[in-house]
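Trainee: I should like to work through this structure with you, one question at a time. May we begin?

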Amino acid sequence: MLDLLYAVVVGPVKDMVGAPTFLAEVVIGGLAAGLMYSLVALGFVLIYKASGVFNFAQGVMVLFAALTLVGLMERGVPLVPALALTMLVMVALAFAIERVVLRPLVNQEQIILFMATIGLNFFLEGFGELAWGSNVKKLDVGIPDSSFMVWGIQINRLEMTAALTAAVLVAVMAVFFQRTRIGRALRAVADDHEAALSIGIPLNTIWIVVWSVAGLVAIVAGIMWGAKSGVQFSLSLIALKALPVLILGGFTSVPGAIVGGLIIGVGEKIAEVYWGPLVGGAIENWFAYVLALAFLLVRPQGLFGEKIIERV
Amino acid sequence: MIYREAGQFKSTYAADQAVFPIRQDRIIGGLALVAAVVALPLVADEYWLQAVLIPFLIYSLAALGLNLLTGYAGQVSLGTGGFMAVGAYSAFKLSSAFPWLSIIIVFLLAGLVTALVGLAFGIPSLRIKGFYLAVATLAAQFFLVWLFNKVAWFTDYASSGTITAPPRTVLGVMVTGPEATAPVRYLAALAMVALFAVIAKNLVRGRVGRSWMAIRDRDIAAEIIGVRPLRTKLLAFSISSFFCGVAGAEYVFLYLGSAETLAFDINVSFLVLFMVIIGGLGSILGSFLGAAFIVMVPIFLTNMPHLLGVAMPVALQKQIELMVFGGLIVLFLIVEPNGLARLWQIGKEKLRLWPFPY
Amino acid sequence: MRVDPSAGLTPMLEVADISVRFGAVQALERVGLTIHRGEIVAIIGPNGAGKTTLLNVISGFYHPTEGRILFEGRDRTHLRPYDVAALGVARTFQNVALFKGMSVLDNIMTGRLLKMGGNVLLDALYWGPAKKQELEHRAFVERIIDFLEIEAIRKSPAGRLPYGLQKRVELARALAAEPKLLLLDEPMAGMNVEEKEDMCRFILGVNDEFGTTIALIEHDMSVVMDISDRVVALDYGRKIADGRPDEVRADQGVIDAYLGVAHA
């Protein structure tokens, strides 16, 4: 019994403390992975904040964006025009989604919309594979996947770039939502579609804007993921991990998506490296979800989310 | 002309509450039953039984379970695959530890184990609603699959990491294992799903079903009326898990023969959810219709190119399958959120008027 | 049934010094009222006065920050809503809270849930005691359906009904529980004159035939004057009047806050 306690509690902590630079690297690795989750979660938050729809297909949109970019580049289009074209494709996708999925379902309950996005998820998965083929692709955005040393700790260039990009994105989003008129309109729409319609907010335009912006975020996320590990279909499954991120951070909070993602990323890595060997590994498969579950019990609205008050 | 209720008056509430109040429905139901039990096993060939009918029956049971939880009680679950796995692995362990136990009892016990797991999982989930709950069920899904993968005890330390259905007989006839013939397995699956469908129908048309639907439609008002949300949701979780557990056990024992955890991954959860959505949330018949539909689509896609004389690579087929599923989900949610079951009902109503337009 | 409040029996409901606070908003401040068995009490006041909040506190949906609620003489302040329902309190809601996915009949049958004991296993077989119970309750519910004259719509999905009928179905559902105390939140909102007359007839009928004590929130003063035994007026979370209808109507505070004066 004591052995068990030792193995579970003391042993891993000793390992951590005993090799601090390694711990730092694990943490940084976790932060980097977490950042990727955060980027995907950001897309979710955007759409949810602005249209009240929980877009299950966000992960697939990331994949789709990456696929399009890579597909274009493989056909010889240089990086910058390829990016521009991909953006156009994502906007077109936003149009299509608004017209075909959102508009007909405009006043249904959230759960119906959620299930529609699950359907969308599968559709886009099939369509993406159909359009661009199903083998793993290498994505080269001109940033070397090499590391440099800071205080004896290895830091990866690509991950640094991703971190900086994410930081910029978050800042822009925060300002956008709080300060601009469109931002306010978006928040109104998220609150109540009908009410927003009745005061003249052009719902359809708003939705297209939002989903396009989410598409942009998806492109960034797709690039970061793709450059790191190649563009492949497991990308959409990884995006499922963004859901626990949202639970931790709160569905409506941009900073929450970031913080939540980082916590999940670091938590996962630490759990896997230090406790994984005890149970045969692959804790990463479920750690994020169980952590989210624990959170749900204690603080359902997440760290930064809004407390839900029910009225009769 | 034929399908008319004229002349059929109900003089008791009992008659009014009957499952098939219209006489024509009872006749059709009776004929369908005879066909399913007697005619089909004689007429259908091996392929149809093995590739279509048996999985249809098993998926129907799983869809029934999920429908009770999601369609009637309004609790979204993406953990169906995980619960089916619990059923499969418990059935395996039980049948290997107690080889003398009748396989039917094993299935029921496996269902019971799954119900307990579902209960254990349901308790922390009670305060969580909507898609928060969906994410929480993902925790169950991923954790359970990982557990069965990692802990070799569950597979009796098999080096292949798979569980295999041992040969078992019922009343002297081989029902599971390599010797069991398709018609026998078909009848076993049919019997189980018929039994559970009856149980499900009885539950949903009475007190239990109404308390589930009350929680689903307006949980606060339900609580003020006197429904106890905890108990109601827990009951839904356990009964639904029971069904899914039995379905999981049947999946390995009556259909696949042997399986590893891949057979119960998240895609199964999505598949069963699709069956429930397309078939009709909150409908017993819908669970069957949805399962039939989802089972048929890949079959259709495999065979259609043949019929048209066009060759279609397997990968393309899978892609089209995904697109079709996804597209249909969206279509159904827009056009008929109550799914095929509602379309069926509308069809019947039109039939009552036929040949008159209204 | 006009009851003499000084009949010496324990009051059906006593609300004493109830305060409810939501963050910075004081929704109710030291509100007290007493309802006697068989009375019809109307609660009036401008919007936001705290009338629905008061009903919600009595229902157990909110718990007061201070004060007590006594039901038939016993302290019931911190009960959960389903326990309050078990005591014999039923209510309707301001924004009709029917179960939209169920038929009218099923909605009303859910009102009988507390009266239905039962065993899941027997339910699963729908045989013997389960079936017998189901049919008994069905018979009772049918009497309510007759009483409220909604036979024609019993199988309709509740979500598809016009507003006035939905309110009636909600009343039926509340009655199905055979309540001792019935709380009605604006039962006549949005109805035309005929529908209001029908509702008044039903409410008086319920009070007469079954002796049910009734508390209702209502804005239509003619209805209030006609059917209530006593009127309680709230404003900004405080009680400003409590007495017979004609007394309250003439009360200056109530006139200032809510009623206004009739111009010649």
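Trainee: How many of the 6 residues of strand β9 of chain C are buried?
Mentor: The model is a predicted one. Strand β9(C) covers residues 230–235 and is largely enclosed by the rest of the structure. That follows because, of its 6 residues, the number buried is 5.

Trainee: Which strand pairs with β9(C) in the parallel sense?
Mentor: The pairing in question runs over 4 bridges. Within it, R230(C) of β9(C) stands opposite V41(C). The partner, made up of residues 40–44 of chain C, is strand β3.

Trainee: In β10(C), which residue is the bridge partner of V231(C)?
Mentor: Strand β10(C), residues 238–243, pairs with β9(C) in the antiparallel sense, over 5 bridges. The bridge partner of V231(C) in β10(C) is G243(C).

Trainee: Which residue in the hairpin of β9(C) and β10(C) takes a positive phi?
Mentor: This hairpin has 2 residues between the strands. The positive phi lies near 50°, and the residue that takes it is Y236(C).

Trainee: What radius of gyration does chain C have?
Mentor: The C-alpha atoms of chain C fill a box of roughly 60 × 40 × 40 Å along the principal axes. A compact globule of 264 residues would have a radius of gyration near 18 Å. The value for chain C agrees with that expectation, at 19 Å.

Trainee: Among contacts in chain C between residues at least 6 apart in sequence, what percentage joins residues at least 24 apart?
Mentor: Chain C has 10 helices and 10 strands, and 45% of its 264 residues count as buried. Of the contacts between residues at least 6 apart in sequence, the share that joins residues at least 24 apart is 68%.

Trainee: Which helix gives the most residues to the largest nonpolar core?
Mentor: This core has 297 residues, and I58(B) is among the members that touch the most others, together with A292(A), L61(B), A88(B) and I329(B). The helix that gives the most to the core contributes 16 residues; it spans residues 20–51 of chain A and is helix α2.

Trainee: How far does helix α5 of chain A reach from its first C-alpha to its last?
Mentor: Helix α5(A) covers residues 110–132, which is 23 residues. At 1.5 Å a residue, the expected span is 33 Å. Just after α5(A), G133(A) takes a positive phi of about 85°. The reach of α5(A) is close to the expected span, at 32 Å.

Note on methods:
Residues numbered from 1 in each chain as written. Chains lettered and ligands numbered in written order. Predicted model: local features only at pLDDT ≥ 70, side-chain atom pairs only at ≥ 80, totals over all residues. Core = buried A, V, L, I, M, F, W, Y, C linked by C-beta atoms within 7 Å. Buried ≥ 20, exposed ≤ 12 C-beta atoms within 10 Å, placed from the backbone. Pairing = 2+ DSSP bridges. Expected span 1.5 Å × (residues − 1). Rg over C-alpha atoms; globule rule 2.2 N^0.38 Å. Contact = placed C-beta atoms within 7 Å.
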